[in-house]
Amino acid sequence: MSDVSFTAIIEPDDDAYHAYVPALPGCHTFGATIEEARDNLLEAVQLHVEMMREQGEEVPSGREPVLVTQVSIPLAS
């Protein structure tokens, strides 16, 4: 058995946190806290990858974002 790693994004969403893996389209979850969102995402990723393998799909690798950053733009008043 080998491990595979994915970049995960956890961001605020109203009063909760939205978590997803860009390399696994459709693999999203939520949590009341960052920790809960991360725990839920670990389970979601495991299930998503298991389903992909059962359906004969290749588990992606190397499609991870190279850079996560913020950009700012001026807003006219």
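**Figure 1. Overall dimensions of the chain in the predicted model.** Whereas a compact globule of 77 residues would have a radius of gyration near 11 Å, the chain shown here has 15 Å, and these coordinates belong to a predicted model. Taken along the principal axes, the box filled by the C-alpha atoms is roughly 55 × 25 × 20 Å. Of the 77 residues of the chain, 23% count as buried.

**Figure 2. Order of the secondary-structure elements.** The chain contains three strands and one helix, and these elements follow one another from the N terminus in the order β-β-β-α. Strand 1 spans residues 9–13, and a loop that includes aspartate 14 lies between strand 1 and strand 2 (16–20).

**Figure 3. Close-up of the negative surface patch.** Glu11, Asp13, Asp14 and Asp15 together form a negative patch on the surface. One of these residues, glutamate 11, is placed in strand 1 (residues 9–13), and because its relative accessibility is 31%, glutamate 11 counts as partly exposed, the range for that class lying between the 20% limit for buried and the 50% limit for exposed residues.

**Figure 4. Close-up of aspartate 14 in the loop.** Aspartate 14, which is also a member of the negative patch with Glu11, Asp13 and Asp15, is located in the loop between strand 1 and strand 2 (16–20). The backbone of aspartate 14 has a phi near 55 degrees, which is a positive value in a residue other than glycine. With a relative accessibility of 76%, aspartate 14 counts as exposed, since that class begins over 50%.

Notes:
Residues are numbered from 1 along each chain as its sequence is written. This is a predicted model: local features need pLDDT of at least 70, side-chain atom pairs count only at pLDDT 80 or more; totals for chains, interfaces and linings use all residues. Side-chain values use heavy atoms; hydrogens and water are left out. Patches are made of residues with over 30% relative accessible area and no salt bridge: like charges are joined within 9 Å, nonpolar side chains (Val, Leu, Ile, Met, Phe, Trp, Tyr) within 5 Å. Accessible areas come from the Shrake-Rupley method with a 1.4 Å probe; for residues, only the protein chains shown count as cover. A salt bridge is a side-chain nitrogen of Lys or Arg within 4 Å of a carboxyl oxygen of Asp or Glu. Lys and Arg count as positive and Asp and Glu as negative; His and the chain ends are not counted. The place of a charge is taken as NZ of Lys, CZ of Arg, CG of Asp or CD of Glu. Helices (H or I, at least four residues) and strands (E, at least two) are DSSP runs, numbered from the N terminus. Buried means under 20% relative accessible area, exposed over 50%, partly exposed in between (1.4 Å probe, protein chains only). The radius of gyration is taken over C-alpha atoms; the globule rule is 2.2 Å times the number of residues to the power 0.38.
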